[in-house]
Amino acid sequence: MNLEDVFLGVDVGTGSVRCACVSNSGKVLGSASVSIRTWKELKHVEQSSNNIWSATCSAVKEGLRNSNVKPEQVKGIGFDATCSLVVLGENDLPVSVSLSNNRERNIIVWMDHRATDEALEINSINPEVLKFVGNSISPEMHIPKLMWLKRHKISSYKKAEKFIGLPDFLVYRATGVDKRSMCSAVCKWNYFPDGIGWDQDYLKAVGLLDLEENNFAKLGGTPVSLGTKVGGLSRISSVELGLIEGTPVSSSIIDAHAGGIGILGFSESVDISSRLACICGTSICCMAVSSGENPRFIPGVWGPYASAMVPGMSLNEAGQSAAGSLIEHVITSHAAFSKLGKSVVDATLYLNQKLAAMVHSSSPDWREWSKLTESFHILPYFLGNRSPRADPELTGVAVGLTLDSSVENLAVTYLAVIQAICYGTRHIIQTLNNNGYCIETLVVCGGLSKNRVFVQEMADCCQLQIVLPEEDEAVLLGAAMLGAVASGKQKTVLEGMAHMSKDGALVSPRLEMCSFHSNKFEVFLRMYENWQEYKLIMAKGS
């Protein structure tokens, strides 16, 4: 009996490792998820590469079992992960990045903002790379983090033999081949894909010229394009993963970018430059692409990045550092949360029902909840603003607070923060459209895309139609596409996008809510302006 070819997509998110078995047509046959450990102390957020690899092995084995897939059916593997920074030393042993000196804590997580001062220093130097990051580098990128490590953990910096992004680490651990992906190199390492490569003048200016040693060996040398077969599973990793030695492994991709190729689709009937891919999870990443001949330099928006997501096309990347994490924070910090006696996931479902019940008596449309926030407004910059203000030191603002600590008040606060996040996306779209794009459709995936309140509010707040992918697990699908390309079963990434990605349900904006959300968006913009004015007032005489 001929067994169906299957491709594995492995996704390492902020809180878990997930694995999916995907058919050649793009259907997820089954999946599994295993939690990973995170240490958080103020601006420092750390993880362990050993812990993540162990969870990866467990997730793959469980994913195979849940899908009823045999190891010999797996023809290719694609890895995606958050853009976190892994530090390895002699014999690939972990090197501590932590002030605790715990060697297991060898990953600076993407959302770690310890390098804010270093990012500001780079911005003051004004190197050429800034024009490719919206004129402001983020502390979430790798070069500021290396500057911090060299200044505050010099012994760890000197011990390091590899500074490697988490997506590339997974490929290296699986194959034993240290080939870095163009996706991470361009988007997070400030690598120039056309001509310059690693910019020695830039590295010298920020005190990291020592990284040029041995042709930038610690950074992986010259990166490879998406879908490249880096190698096959090594003997050791094949045993650990429960797979066949030599199974093709693709070059890696950042998790949000995997979501981008998993949901944008590709066909002659769809202009994908009019679509904005929104990957909505712990954070929100917004991916827009234009023709390679027409790169767009947009203040406050990362890119243009050549072929960093869709081969032959230029990528602009924007986003919000806190989305799902902000919603969770608002729920768990409210006085009424303890009254619910529920987990955050169950509390979210309950609050959606509570919103509908709060308006049911006066309206037959459960979506009429939107206006419950008419007198309550939030500026969602609790972890700074990534785009388009590009200021990691901004903070959140709330207007309309009362002494009400009821569950009903929690529901309204929950709704207000969802709307605030959606207005942040509207602000990004406005910025893109003011700089050459014409975004007509949002294509949304990620954990928040499964929340009906969030999705409807996003459509209403942005006044754009939302397309949900036919396959819920679009990030895993995008990773599996790369495995299919590396195996040769799909010839190119674009072919994989055309054959394996399909549009699903549509969510339309309610035109009757246009005026309400336009007014609230105006408040959203003014809150920032007012907040900046307050800072100037308080700076008088200081």
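In this predicted model, a good place to start is strand β7 (residues 85–88), which is joined to β9 by four bridges, the two strands running antiparallel. Within this pairing, Val 86 has Ile 164 of β9 as its bridge partner. Both strands belong to an open sheet of five strands, and following the order β4-β5-β8-β7-β9 leads across the sheet, whose pairing is antiparallel. At the edges stand β4 (39–41) and β9 (162–165), each of which pairs on one side only. Helix α5 (residues 166–175) lies across β7, β8 (107–108) and β9, and its direction makes an angle of about 110° with β9.

A second open sheet has seven strands, arranged in the order β15-β16-β14-β13-β19-β20-β21, and here the pairing is mixed. The edge positions are taken by β15 (302–306) and β21 (503–507); each has a single partner strand, so one side of each is left without a neighbour in the sheet. On average, neighbouring strands of this sheet are turned by 25° against each other, direction ignored. Parallel pairing can be seen between β19 (residues 441–445) and β20 (residues 465–469), which are joined by three bridges. There, Val 443 stands opposite Val 467 in β20. Helix α14 lies across β13 (275–280), β14 (284–291), β16 (313–320) and β19, and runs at about 150° to β16.

Helix α14 (407–433) is also one of the elements against which the buried residues of α13 pack, together with α11 (324–333), α12 (337–340) and α15 (452–462). The buried residues of α13 are Ala 347, Thr 348, Leu 351, Asn 352, Lys 354, Leu 355, Ala 356 and Val 359. Spacing of this kind is easier to read with helix geometry in mind: an α-helix has 3.6 residues a turn, so residues three or four places apart point the same way. The length of α13 can be checked as well. Helix α13 (residues 344–360) has 17 residues, which at 1.5 Å a residue should span 24 Å, and this agrees with the 24 Å that separates its end C-alpha atoms.

Attention turns finally to a pocket. The second largest pocket has a volume of about 320 Å³. Its lining comprises 20 residues, of which Phe 132, Pro 193, Asp 194, Pro 304 and Ala 306 are the closest to its centre. Two elements, β15 and β16, give two or more residues to this lining. The largest share, three residues, comes from β15, the strand that also stands at an edge of the seven-stranded sheet.

Note on methods: Residues are numbered from 1 along each chain as its sequence is written. This is a predicted model: local features need pLDDT of at least 70, side-chain atom pairs count only at pLDDT 80 or more; totals for chains, interfaces and linings use all residues. Side-chain values use heavy atoms; hydrogens and water are left out. The expected span of a helix is 1.5 Å times one less than its number of residues. Buried means under 20% relative accessible area, exposed over 50%, partly exposed in between (1.4 Å probe, protein chains only). Contact means heavy atoms within 4.5 Å. Two strands pair if DSSP finds at least two bridges between them. Axes are lines fitted to C-alpha atoms, for helices over the stretch in contact, and angles run from 0 to 180 degrees between N-to-C directions. On a 1 Å grid over the protein atoms alone, a cavity is a set of points where a 1.4 Å probe fits but cannot get out, and a pocket is an open set with protein on both sides within 12 Å along at least five of seven lines; lining residues have an atom within 4 Å of a point. Grid points are joined across faces, edges and corners, and a volume is the space filled by probe spheres set on the points.
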